[in-house]
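Grab a pencil and work through these exercises with the model open beside you. Try each one before you read its solution.

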Amino acid sequence: VIKCKAAVAWEAGKPLSLEEVEVAPPKAHEVRIKIVATAVCHTDAYTLSGADPEGCFPVILGHEGAGIVESVGEGVTKVKPGDTVIPLYIPQCGECKFCKNPKTNLCQKIRITQGKGLMPDGTSRFTCKGKQIYHFMGTSTFSEYTVVADISVAKIDAAAPLDKVCLLGCGISTGYGAAVNTAKVEPGSTCAVFGLGGVGLAVIMGCKIAGASRIIGIDLNKDKYAKAKEFGATECISPQDFKKPIQEVLVEMTDGGVDYSFECIGNVGVMRAALEACHKGWGVSVIVGVAAAGQEISTRPFQLVTGRTWKGTAFGGWKSVDNVPKLVTDYMSKKIKVDEFVTHTLTFDKINEAFELMHAGK
């Protein structure tokens with residue numbers, strides 16, 4: 001058993017608490033990882049808020065991390081102690097019908113136990129003050145050591161800077177993949193990206209790499225425009241600057257609508273606007289943002305009858321074990337940006353400050 005520091009969420013709506021936790025050794029087909037760097041994501045904040053129906057407490061949150069394998073359980077063959085890895089919230093077992101289908105990356109092998117905050121055998125590897133602590137998204141990166149299933153880990157280039165590539169565990173991969181895998185943006189196309197946070201910037205990067213000629217960023221926070229342009233946005237607009245709905249503005253600006261649109265916020269009203277901003281006959285809108293539980297999307301069916309397509313994406317459609325190492329390689333060879341996404345680097349004990357900065361849009 002390893003004793004180490006972890007940020008524990010004891011209950012919903014309260015700040016994280018830095019505690020000493022005990023991390024049990026890995027069982028069969030499990031891997032214990034020393035987490036070197038972790039990022040914070042709105043998904044962590046959503047669960048912490050208490051709005052997530054799958055949220056269970058007390059829990060160690062975090063799902064964008066990178067580290068070094070400390071030890072492995074029986075039967076683990078893909079990684080060994082000392083390997084540099086990224087934990088994966090969408091695993092890849094290679095055996096379920098989802099893994100065998102090239103159309104999806106949604107491996108279901110450990111979905112049920114992961115959703116309950118437990119390891120595949122139905123137990124937890126974390127204890128604190130004599131209490132069992134739940135796992136989160138199969139990763140729990142807000143701990144100096146964590147235990148994950150062996151299908152939930154990608155071995156990456158040992159030379160990669162972990163304080164950067166941890167972002168490939170969720171946000172950057174999600175946005176970039178939404179453009180290149182899910183939408184399959186084509187050269188010369190016009191794109192609209194709603195929400196210019198980390199995921200939106202990654203979508204812009206993907207659209208640019210795919211050869212889009214016009215990329216319109218949409219956000220209420222104008223402080224985000226300069227960064228969006230750095231990533232490839234050709235122009236940025238705020239819905240507050242117009243009297244008419246933003247979809248009408250975009251249709252006028254683009255001679256009938258955009259070829260591809262992306263919703264990177266998780267707001268069902270914006271999802272509708274993103275679809276309706278698409279061009280008749282061929283426009284494709286991708287939902288990237290995660291809306292709160294119980295919310296529903298709506299539009300007039302005629303929008304779809306007249307040739308628009310509404311799609312969704314999880315982790316950018318990447319088959320995780322296969323593709324995360326390739327994304328790291330693409331970063332190392334400067335094909336994709338990662339460093340530019342990092343705004344602040346804080347010590348682990350300042351984790352609540354990191355959440356405050358995120359909520360402030362900074």
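**Exercise 1.** Which residues line the largest cavity?

*Solution.* A word on the source: this is a predicted model, where local features need pLDDT of at least 70 and side-chain atom pairs count only at pLDDT 80 or more, while totals for chains, interfaces and linings use all residues. Residues are numbered from 1 along each chain as its sequence is written, and side-chain values use heavy atoms, with hydrogens and water left out.

Step 1: get the terms straight. On a 1 Å grid over the protein atoms alone, a cavity is a set of points where a 1.4 Å probe fits but cannot get out; lining residues have an atom within 4 Å of a point.

Step 2: read off the lining. You should have Ile110, Thr113, Gln114, Leu118, Met119, Pro120, His135, Gly138, Val148, Ala149 and Ser152.

Step 3: map them to elements. Two or more residues each come from α3 (111-115) and β9 (145-149). Helices (H or I, at least four residues) and strands (E, at least two) are DSSP runs, numbered from the N terminus.

Step 4: sort by class. Six are nonpolar, five polar and none charged, with Ala, Val, Leu, Ile, Met, Phe, Trp, Tyr, Cys and Pro counted as nonpolar, Asp, Glu, Lys and Arg as charged, and the others, Gly among them, as polar.

Step 5: add the volume, the space filled by probe spheres set on grid points joined across faces, edges and corners. The largest cavity holds about 60 Å³.

**Exercise 2.** In what order do the six strands of the open sheet run?

*Solution.* Step 1: trace the pairs (at least two DSSP bridges between two strands). The order is β13-β12-β11-β14-β15-β16, with parallel pairing.

Step 2: find the edges. β13 (235-237) and β16 (309-312) each pair on one side only.

Step 3: check one pair. Three bridges join β12 (residues 214-218) to β13, and Ile218 sits opposite Ile237 in β13.

Step 4: add a helix. α6 (residues 198-209) packs on the sheet, touching β11 (190-194), β12 and β14 (260-263), and its direction makes about 170 degrees with that of β11. Contact means heavy atoms within 4.5 Å; angles run from 0 to 180 degrees between N-to-C directions, with axes fitted to C-alpha atoms, for helices over the stretch in contact.

Step 5: add another. α9 (residues 268-276) touches β11, β14, β15 (284-287) and β16, at about 175 degrees to β14.

How values were computed: On a 1 Å grid over the protein atoms alone, a cavity is a set of points where a 1.4 Å probe fits but cannot get out, and a pocket is an open set with protein on both sides within 12 Å along at least five of seven lines; lining residues have an atom within 4 Å of a point.
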